[in-house]
Amino acid sequence: MTRGAVGTAMAADCTKAAGGVRTSRSARDGLDKSITLPPDEIFRNLENAKSFAIDIGGSLTKLAYYSTVQHKVAKVRSFDHYGKDTPEPLLETSRVDTIEVPDDEPLYEISVQEEITARLHFVKFENAYIETCLDFIKAHLVNTETKVIKATGGGAHKFKNLIEKKLGLKVDKEDEMTCLIKGCNFVLRNIPHEAFVYVKHADPEFRFQTTHPDIFPYLLVNIGSGVSIVRVESEDQFERIGGSSIGGGTFWGLGALLTKTKRFDELLQLASKGQHTNVDMLVRDIYGGSYESFGLTGDLIASSFGKSATTDKEFTKEDMAKSLLHMISNDIGQLACLYAKLHNLSRVYFGGFFIRGHPVTMHTITYSINYFTKGEVQALFLRHEGYLGAIGTFLKGAEEDNPNQYSWGENYAGSSGLMNSSPDVHPMQRTRSGTFDMLEMDRLERQLVNLPLLQDASSYIPDTVDLTEDAMAREYWLSCFEDALDGVVKRAVASQPQLLDATERAEKFRQKYRHKLQTLRHQPFAYGSLTVRSLLDTREHCLNEFNFPDPYSKVKQRENDVALKHFQKVVRALESLSMEERQFALVKGLLAGNVFDWGAKAVSDVLETNSAFGFEEAKMRLQARPWLVDAYNDWLERLKGPPHKCALFFVDNSGIDIILGVFPFVRELLSKGTEVILASNSGPALNDVTCSELAIVTERIAAMDSVIRTALQEDKLLLVQSGSSSPCLDLSRLDKGLATVVWERKTDLVIIEGMGRAIHTNYYAALRCESLKLAVIKNAWLAERLGGRIFSVVFKYEMPPK
């Protein structure tokens, strides 16, 4: 929601608004219709909504709906020049066959087609606006087949008649705890940076955790009006093992009596300004210092509100609110610790109305947990804990479609992101989108799983640098991506010259992505750990949002055409070399090919201004040995031993990289008897080769080269999609089919190529087999930070631990 819309929402005149008539009633006094709801910013894609669920709490409503999203995708189709017309003797020729590639026809044709995918939408807003929101939803629904709306939460009964009247749907109430658990399981499974610990005054305050591949068992402490403590064993097996009547309702109720403040958020704001030591009796107030024989420090609370009985003075609202918050939090923290120890659980997640992302609340809970467990248990919070009930309610209503059989990914273009909701910490945040917050999840084509060769999947972290913890790197990369925006917009428009609205859509992309970057400057933790990968992925999501599915499609097509014309010459030159000379030439070719990366400004500037820049010129740009990271001698020595059984190669760029760099290297492995799995992107990102493009390129190379052709025929060369549509690589979210093939083929070598895949991600990835990580550093700032210069070479060869 725009800031202008927020201003409109607060107006008290009686003009008409979308979805209702404005009234002069304050949001505090009842249902508020004074709000404008732009459909493209709040309830997105509502016209294609299929089913609904709603979670209504004491003050917030969370609406969930499933929709089909129609968007553009770039498709490639091969021109079959060789097929049946290929002369028979070609199949029996030596290792390299001479064949002319037509100059007048491209390798393949590109088309942009419409595709329908599934998306989950979650919108959170204050109950005061529920009537207007329901009016708006009703007005924008088109031929929905939904007859029932699933509901949960304490307010589901209160608003039942209103919902049925406004939407014409029957309200079907679901068990609140069951929905909460289902929602928690869903986000833990599908959002890698969902859980975090909160460290007050640290930089950053939010420290995101790697989600364990097996999320069970865990303890969920849900703090609503009271407290429920639930042990979760599996998707459908959980038990409420304890609880307390002293919870969020206690804080709110006693706080209202003590301070005369009726609103929960205002009570928290008072607490954030208070000093509890003015009200609480500390250990030092009783003993004059620490009570060392019991290990009690002097600043420990001995008695909550203890001074109120012995001190003859008035206490401020702020101090009383702070004391009350500490009392409730300490009680909940101690209870959670006791249950965690009793059931031998180390993962404890906190959620519920009491938390709501408030720093003061999270700090007091964290302090309590740390104290009572001496640091053995961490208090874990969830980035989307406010949506758990709505998510679970939706899943209950969609069981016949079984959403859990798919993997889902957060759509950064349509999600608001986590905000530090303390007005004292960031006072301007309250106006960022009025009272609304959004989360969107896209259904992915296939299930994503861990690479089975990870040494320890539970400790694997794909990203090399967390920009939330590195302020200097954060500022550089945010500026770098902002400076590159003009080039991306230009490339996007150029990729669709026949579409009249391309310029307008590209400008909308620019505005949205720039807004995301500005948000991340102030809230670097908004979408989890901020990394180069997340910045790249957010850009790709925003491009897709405005129907630019593959801005580099024509660039890739042209470069693939050109590189194929040189393939035979490169292979012949390699075959004339001795074994050791050939191995070095192959590695140098891989590295030179990796130079051709349109995602690196230093390279794209050269490629746009110098059309003669080619494979040999790239070799000349490479750093001379010794390289910045140089394990080549170890690799050469390994090649003198027995061949690898199977190599998994995560490829990078189209054109010269894949055709003149990767394929000759793969050809050598195949010649030695090593099977090869080529893993490429499932969807486009920058100029990275996609699985469909790789299939066509491989088909053409097979027509020219008997080694590649035979390997394909004998099933020793496999082309498999990675499940990724990113310039980077997360080995914990790979296509299940790829993981299966890797396991079945007993893969004993993993090759990761490229700056995004081997430097920004996976530089420290530990595998249970041999690995090669190689890249050319095409960013001067990064090269200098690593102790090198632009075009420095990283060649890491690693053996698994014995």
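These legends go with an overview and several close-up views of a predicted model.

**Figure 1. The whole chain, before zooming in.** The predicted chain runs to 802 residues, and 57% of them count as buried. Its secondary structure comes to 27 helices and 27 strands. Take the contacts with a separation of 6 or more: 75% of them involve residues 24 or more positions apart. On the outside, the accessible surface adds up to about 33700 Å², with 50% of that belonging to carbon and sulfur atoms.

**Figure 2. Trp477 and Phe481, a tilted pair in helix H12.** Searching the whole structure turns up 42 aromatic pairs, and here is one of them: the ring centres of Trp477 and Phe481 are 6.4 Å apart, and since their planes meet at 50 degrees, the pair is tilted. Both residues belong to helix H12 (residues 471–483), where they sit 4 residues apart, about one turn of the helix. Trp477 has a relative accessibility of 7%, so it counts as buried. Phe481 is buried too, at 6%.

**Figure 3. Trp477 again, now with Trp781 as its partner.** Trp477 also pairs with Trp781, and this pair is edge-to-face, with 6.0 Å from centre to centre and 85 degrees between the planes. It ties together distant parts of the chain: Trp477 comes from helix H12 and Trp781 from helix H27 (residues 780–785), 304 residues apart. Trp781 has a relative accessible area of 21%, so it is partly exposed, whereas Trp477 is buried at 7%.

**Figure 4. An aromatic cluster of Phe and Tyr residues.** One aromatic cluster takes in Phe196, Tyr198, Phe206, Phe208, Phe350, Phe381 and Phe525.

**Figure 5. Two arginines over tryptophan rings.** In one spot, Arg491 places its charged end over the ring of Trp598, 4.8 Å from the ring centre. In another, the charged end of Arg625 sits over the ring of Trp627, this time 5.4 Å from the centre.

**Figure 6. Arg44 and Glu440, a buried salt bridge.** The count for the model is 52 salt bridges. In this view the side chains of Arg44 and Glu440 meet, with 2.5 Å from N to O. The two come from distant parts of the chain, 396 residues apart: Arg44 is in the loop between strand E2 (20–21) and strand E3 (49–56), while Glu440 is in strand E18 (residues 437–443). Both Arg44 and Glu440 are buried. They also belong to a network of salt bridges that links Arg44, Arg119, Glu440, Asp442 and Glu545.

**Figure 7. Lys556 and Glu693, a salt bridge between two helices.** The closest N and O atoms of Lys556 and Glu693 are 3.0 Å apart in this salt bridge. Lys556 sits in helix H16 (residues 553–564) and Glu693 in helix H23 (residues 691–704), so to speak distant parts of the chain, with their positions 137 residues apart. Lys556 is buried, and Glu693 is as well.

**Figure 8. Glu575 and Arg667, a salt bridge with one buried partner.** Here the side chains of Glu575 and Arg667 form a salt bridge, 3.2 Å from N to O. Helix H17 (residues 567–575) supplies Glu575 and helix H22 (residues 656–671) supplies Arg667, which links distant parts of the chain, 92 residues apart. Glu575 has a relative accessible area of 35%, so it is partly exposed. Arg667, by contrast, is buried because its relative accessible area is 5%, and the cut-off for buried is under 20%.

Conventions. Residues are numbered from 1 along each chain as its sequence is written. This is a predicted model: local features need pLDDT of at least 70, side-chain atom pairs count only at pLDDT 80 or more; totals for chains, interfaces and linings use all residues. Side-chain values use heavy atoms; hydrogens and water are left out. Rings of Phe, Tyr and Trp (its six-membered ring) pair if their centres lie within 6.5 Å; planes under 30 degrees apart count as stacked, over 60 as edge-to-face and the rest as tilted. Buried means under 20% relative accessible area, exposed over 50%, partly exposed in between (1.4 Å probe, protein chains only). A charge sits over a ring if NZ of Lys or CZ of Arg is within 6 Å of the ring centre and within 35 degrees of the ring normal. Contact means heavy atoms within 4.5 Å. Accessible areas come from the Shrake-Rupley method with a 1.4 Å probe; for residues, only the protein chains shown count as cover. A salt bridge is a side-chain nitrogen of Lys or Arg within 4 Å of a carboxyl oxygen of Asp or Glu.
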